[in-house]
Amino acid sequence: MFITETTNSTCASRRPSPFIEDLPVRVWAVNLQGAWFTQYALAHDISRQGALLIGLEHQLRCGDMILVQYGSLKARFRIVWLRDSEGPYLVRAAVQRLQRDHCPWEDVLA
């Protein structure tokens with residue numbers, strides 16, 4: 001399971017909040033040269049509406065549509081913003097799920 005419990009030692013009366021680790025996902029998209037590619041990345045800060053994808057190896061554009069798969073479930077997302085970290089995390093992309101597509105990591109959030 002990808003959920004662990006964390007506690008706040010300064011406030012013992014608070015309920016532990018769930019912490020969801022990065023999820024391995026597969027991404028399909030079109031790069032700046034117009035060629036299709038597929039690669040694995042990590043979905044960070046996931047929600048039902050979107051996520052931050054880290055570790056992308058290709059240059060993309062804001063507004064691009066991509067396909068993200070987690071397990072056997074796929075959904076379409078739109079890129080909201082990009083950042084080239086030029087480091088081990090490569091390109092980061094904040095993505096927002098299209099409303100008509102089912103959230104691929106819904107079971108993790110439940």
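I take two residues to be in contact when heavy atoms of one lie within 4.5 Å of the other. The model I am reading is predicted.

**Entry: Leu98**

I started with Leu98, which sits in the loop between strand 8 and helix 1. Which residues does Leu98 touch, leaving out those up to four places away in sequence? I found Met65, Arg76, Phe77 and Arg78. I then looked up whether Leu98 is buried or exposed. Leu98 has a relative accessible area of 13%, and the limit for buried is under 20%, so I list Leu98 as buried. I also took the C-alpha to C-alpha distance from Leu98 to Gly50, which is 8.9 Å, for two residues 48 apart in sequence.

**Entry: strands 3, 6 and 7**

Next I followed strand 6, residues 65-70. Strand 6 pairs with strand 3, residues 23-30, in the antiparallel sense, and I noted 3 bridges there. Within this pairing, Val27 faces Val68 of strand 6.

Strand 6 also runs antiparallel to strand 7, residues 73-84, and 6 bridges join the two. For Ile66 I looked up the bridge partner in strand 7 and found Phe77. Strands 6 and 7 make a hairpin, with 2 residues between them. In the turn, Gly71 has a positive phi of about 65 degrees.

**Entry: the aromatic pair**

Phe77 came up again when I searched for ring pairs. The count came to 1 aromatic pair. The rings are those of Phe77 and Trp105; their centres are 5.6 Å apart and their planes stand at 25 degrees, so I entered the pair as stacked. Phe77 belongs to strand 7 and Trp105 to the loop between strand 8 and helix 1, so the pair ties together parts 28 residues apart in sequence. I checked both residues for accessibility, and both Phe77 and Trp105 are buried.

**Entry: a charge over a ring**

I looked for a charge over an aromatic face as well. Lys74 lies over the face of Trp28, at 4.9 Å from the ring centre.

**Entry: salt bridges**

How many salt bridges does the model hold? I counted 3 salt bridges.

Arg76, already noted as a contact of Leu98, forms a salt bridge with Asp101, and the closest N and O atoms are 2.8 Å apart. Asp101 is in the loop between strand 8 and helix 1, while Arg76 is in strand 7, so this pair ties together parts 25 residues apart in sequence. Asp101 is buried, at 14% relative accessible area. Arg76 is partly exposed, at 32%.

Another salt bridge joins Glu106 to Arg48, with 2.9 Å between the closest N and O atoms. Where do the two residues lie? Glu106 is in helix 1, residues 106-109, and Arg48 is in the loop between strand 4 (36-44) and strand 5 (50-56), so the pair ties together parts 58 residues apart in sequence. I found Glu106 partly exposed, at 25% relative accessibility. Arg48 is partly exposed too, with a relative accessible area of 35%.

The remaining entry is Asp64 with Arg61, whose closest N and O atoms are 3.6 Å apart. Which of these is buried and which is partly exposed? Asp64 is buried, with a relative accessible area of 13%, whereas Arg61 is partly exposed at 39%.

Key: Residues are numbered from 1 along each chain as its sequence is written. This is a predicted model: local features need pLDDT of at least 70, side-chain atom pairs count only at pLDDT 80 or more; totals for chains, interfaces and linings use all residues. Side-chain values use heavy atoms; hydrogens and water are left out. Two strands pair if DSSP finds at least two bridges between them. Helices (H or I, at least four residues) and strands (E, at least two) are DSSP runs, numbered from the N terminus. A salt bridge is a side-chain nitrogen of Lys or Arg within 4 Å of a carboxyl oxygen of Asp or Glu. Buried means under 20% relative accessible area, exposed over 50%, partly exposed in between (1.4 Å probe, protein chains only). Rings of Phe, Tyr and Trp (its six-membered ring) pair if their centres lie within 6.5 Å; planes under 30 degrees apart count as stacked, over 60 as edge-to-face and the rest as tilted. A charge sits over a ring if NZ of Lys or CZ of Arg is within 6 Å of the ring centre and within 35 degrees of the ring normal.
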